[in-house]
Amino acid sequence: MWVTTVLHRPVVPVPLFFTSRLSPKVLLKPKTFRFGFPLPSLKLKASATKKQLQTQEPDNEDLHNQEKSDDQSFDLGWLPTFPHILVASMSNFLFGYHIGVMNGPIVSIARELGFEGDPILEGLVVSIFIAGAFIGSLSCGSLVDKLGCRRTFQIDTIPLILGAIVSAQAHSLNEILLGRFLVGLGIGVNTVLVPIYISEVAPTKYRGSLGTLSQIGTCLGIIFSLCLGIPAEHDPHW
């Protein structure tokens, strides 16, 4: 059996005078060739920037003039919806009116209807209005979802008108209780309906300011009813 053997030639070390010390700068940064361009391109860029500045200056002047004109002009974006919101806020005026209208003449009404000196019945005549408002506020949400705000306003006037007529023409305790309860039903619907209607009609920018009209109407109604109760102290028919 023949065995072949390969003999490697010994490696001769390289003499020191053949090696050269290379600097790391040469290895890291190879030499590159750059081609220069003439300077007229810079002049073109400079002229272009000058033209851009000249075109931007009139735009800034126009914006400045627009800002001055906006400051001088009045913002009347709330005006188209103001009549609708004012009419809707009258419902809150009725709410405040019916809250305070019984405080003055309750003594004369109790004397005329025959329950004078009974604090329970006197309190019932006043508070049954709030009981009707509680029921009306609970039913308002479903009415608005089914009929809409405008149709609900129209239907809501029925208990308000009937309750006012029955209360004014009452000749017994049951009649005035019924009238006050019907008025409470209508007012309860209005307390929920009016803020919803204002939030839908008013512009977003003025929604908070116009929404305060509902509360202002309630306060004005209470003040007006208390002022009307002042003559009732001297004239029982008032």
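Which residues do ring pairs link into a cluster? Keep that puzzle in mind as you work through the exercises below; the model you are looking at is predicted.

**Exercise 1. Find the ring cluster and sort the aromatic pairs.**

Step 1. Look for Phe93, Tyr97 and Phe224: ring pairs link these residues into a cluster.

Step 2. Now widen the search to the whole count, which comes to 5 aromatic pairs. One of them joins Trp78 and Phe82, with ring centres 5.6 Å apart and planes at 85°. An angle over 60 degrees counts as edge-to-face, so this pair is edge-to-face.

Step 3. Check how much of each partner is accessible. Trp78 has 28% relative accessibility, so it counts as partly exposed. Phe82, at 27%, is likewise partly exposed.

Step 4. Turn to Phe95 and Phe129, another aromatic pair, with 6.2 Å from centre to centre and 35° between the planes, which makes it tilted. This pair links distant parts of the chain: Phe95 sits in helix 3 (residues 82–100) and Phe129 in helix 5 (residues 119–147), 34 residues apart.

Step 5. Apply the cut-off for buried, under 20% relative accessible area. Phe95 has 19% relative accessibility, so it counts as buried. Phe129 is buried as well, with a relative accessible area of 1%.

**Exercise 2. Describe the overall build of the chain.**

Step 1. Count the elements: the chain has 8 helices and 0 strands. Reading along the sequence gives the pattern α-α-α-α-α-α-α-α.

Step 2. Ask how much of the chain is buried. Of its 238 residues, 26% are buried.

Step 3. Look at the contacts between residues at least 6 apart in sequence: 77% of them join residues at least 24 apart.

Step 4. Finish with the surface. The accessible surface of the chain is about 17900 Å², and 66% of that belongs to carbon and sulfur atoms.

**Exercise 3. Work out what lines the second largest pocket.**

Step 1. Start with its volume: the second largest pocket holds about 260 Å³ of space.

Step 2. Find the lining. There are 14 lining residues, and the closest to the pocket centre are Val87, Ala88, Ser91, Phe153 and Thr157.

Step 3. Trace the lining back to the helices. Helix 3, helix 6 (149–168) and helix 7 (173–201) each supply at least two lining residues. Helix 3 gives the largest share, with 7 residues.

Step 4. Sort the lining by chemical character: 8 residues are nonpolar, 4 are polar and 2 are charged.

**Exercise 4. Compare two residues of helix 3: is each one buried or exposed?**

Step 1. Locate Val87 in helix 3. Its relative accessible area is 53%, so Val87 is exposed. For a sense of the fold around Val87, measure across to Val194: the two residues are 107 apart in sequence, and their C-alpha atoms are 9.9 Å apart in space.

Step 2. Locate Ser89, also found in helix 3. At 5% relative accessibility, Ser89 counts as buried.

Step 3. List the contacts of Ser89, leaving aside neighbours within four places in sequence: they are Ile198, Leu213, Ser214 and Gly217.

**Exercise 5. Explore helix 4 and its surroundings.**

Step 1. Pick out the buried residues of helix 4 (residues 106–113): Ile106, Ser108, Ile109, Ala110 and Leu113 are buried.

Step 2. Recall a general point about helices. An α-helix has 3.6 residues a turn, so residues three or four places apart point the same way.

Step 3. Identify the cover. Helix 5 and helix 7 are among the elements that cover the buried residues of helix 4.

Step 4. Step just past the end of helix 4, where Gly114 takes a positive phi of about 90°.

Step 5. Move on to Gly123, which is found in helix 5. With 33% relative accessibility, Gly123 counts as partly exposed. Its C-alpha atom is separated by 9.3 Å from the C-alpha atom of Ile106, and the two residues are 17 apart along the chain.

Terms used. Residues are numbered from 1 along each chain as its sequence is written. This is a predicted model: local features need pLDDT of at least 70, side-chain atom pairs count only at pLDDT 80 or more; totals for chains, interfaces and linings use all residues. Side-chain values use heavy atoms; hydrogens and water are left out. Rings of Phe, Tyr and Trp (its six-membered ring) pair if their centres lie within 6.5 Å; planes under 30 degrees apart count as stacked, over 60 as edge-to-face and the rest as tilted. Buried means under 20% relative accessible area, exposed over 50%, partly exposed in between (1.4 Å probe, protein chains only). Helices (H or I, at least four residues) and strands (E, at least two) are DSSP runs, numbered from the N terminus. On a 1 Å grid over the protein atoms alone, a cavity is a set of points where a 1.4 Å probe fits but cannot get out, and a pocket is an open set with protein on both sides within 12 Å along at least five of seven lines; lining residues have an atom within 4 Å of a point. Grid points are joined across faces, edges and corners, and a volume is the space filled by probe spheres set on the points. Ala, Val, Leu, Ile, Met, Phe, Trp, Tyr, Cys and Pro count as nonpolar, Asp, Glu, Lys and Arg as charged, and the others, Gly among them, as polar. Contact means heavy atoms within 4.5 Å. Accessible areas come from the Shrake-Rupley method with a 1.4 Å probe; for residues, only the protein chains shown count as cover.
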